[in-house]
Amino acid sequence: MNLEKNSIIKLTDDKLYYILETLEYNNSNYIYIIEKDNPMNLKFYREDLINNQISLKVVEDKEELNEIMKRFYEKMKKNIQKNNGKN
């Protein structure tokens, strides 16, 4: 019941966001999103399942944020290389 890459979600701020990438790390799921109308607004959220509902919590812890940013970068880099026909 995870959110999927390339989906559009509306958050509690009533703005639409594109899910650029998803990541599983340390038994948690993360999403990397950009605001539809303001692509400079980038955010990282951790998905939590509460009463069978997905709850998103912005990643604020610096160590956690640094670690998942590195992992998102590596995953996205591999996807780009794969889509360009490289191994």
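This is a short dialogue on reading the fold, surface and salt bridges of a predicted model.

User: Where do I start with a chain like this? What pattern does the chain follow along the sequence?

Analyst: Start by listing the helices and strands in order. Keep in mind that this is a predicted model. Here the chain has one helix and five strands, and read along the sequence they give β-β-β-β-β-α.

User: And overall shape? What radius of gyration does the chain have, and what would a compact globule have?

Analyst: The trick is to set the radius against what the chain length suggests. With 87 residues, a compact globule would come out near 12 Å; the chain has 13 Å, so the two agree. For the extents, the C-alpha trace spans about 40 × 30 × 25 Å along its principal axes.

User: How much of the chain counts as buried?

Analyst: Of the 87 residues, 31% count as buried. From the outside, the accessible surface comes to about 6,500 Å², and 45% of that belongs to carbon and sulfur atoms. Contacts tell you about the fold too: among those with a separation of 6 or more, 33% are between residues 24 or more positions apart.

User: Okay, strands. How do I read the pairing, say which way S1 and S2 run?

Analyst: Look at the bridges, then at the direction. S1 (residues 8-10) and S2 (residues 16-25) are joined by three bridges and run antiparallel. As a marker for the register, Ile-9 stands opposite Tyr-17 in S2. The two strands form a hairpin with five residues between them, and Asp-14 in the turn has a positive phi of about 65 degrees.

User: What about S2 and S3: how many bridges join them?

Analyst: Eight bridges join S2 to S3 (residues 28-35), again in an antiparallel arrangement. Your marker there is Glu-21, whose bridge partner in S3 is Tyr-32. This hairpin has two residues between its strands, and Asn-26 in the turn has a positive phi of about 55 degrees.

User: Which residues form a nonpolar patch on the surface?

Analyst: Ile-8, Leu-16 and Tyr-18, with about 240 Å² of accessible area together. Ile-8 lies in strand S1. Its relative accessible area is 47%, so Ile-8 is partly exposed.

User: Now salt bridges. Why can side chains pair up like that?

Analyst: Side chains of opposite charge can pair when their charged atoms come close. A search of the whole structure turns up seven salt bridges. One of them joins the side chains of Glu-21 and Lys-5, at 3.3 Å from N to O. That pair links distant parts of the chain: Glu-21 sits in strand S2 and Lys-5 in the segment before S1, 16 residues apart.

User: Is Glu-21 buried or exposed?

Analyst: Buried, because its relative accessibility is 3%, under the 20% cut-off. Lys-5, by contrast, is partly exposed at 36%.

User: Which salt bridge lies in the helix?

Analyst: Take Arg-71 and Glu-67, whose closest N and O atoms are 2.8 Å apart. Both lie in helix H1 (residues 62-83), four residues apart, about one turn of the helix. Arg-71 is partly exposed, with a relative accessible area of 36%, and Glu-67 is also partly exposed, at 22%. Elsewhere, salt bridges that share partners join Lys-5, Glu-21 and Lys-75 into one network.

User: And what is the situation of Asp-37, buried or exposed?

Analyst: Asp-37 is exposed, with a relative accessible area of 65%. Asp-37 forms a salt bridge with Lys-36, the closest N and O atoms being 3.8 Å apart. Lys-36 counts as partly exposed, at 36%.

Notes. Residues are numbered from 1 along each chain as its sequence is written. This is a predicted model: local features need pLDDT of at least 70, side-chain atom pairs count only at pLDDT 80 or more; totals for chains, interfaces and linings use all residues. Side-chain values use heavy atoms; hydrogens and water are left out. Two strands pair if DSSP finds at least two bridges between them. Patches are made of residues with over 30% relative accessible area and no salt bridge: like charges are joined within 9 Å, nonpolar side chains (Val, Leu, Ile, Met, Phe, Trp, Tyr) within 5 Å. Accessible areas come from the Shrake-Rupley method with a 1.4 Å probe; for residues, only the protein chains shown count as cover. A salt bridge is a side-chain nitrogen of Lys or Arg within 4 Å of a carboxyl oxygen of Asp or Glu. Buried means under 20% relative accessible area, exposed over 50%, partly exposed in between (1.4 Å probe, protein chains only). The radius of gyration is taken over C-alpha atoms; the globule rule is 2.2 Å times the number of residues to the power 0.38. Contact means heavy atoms within 4.5 Å.
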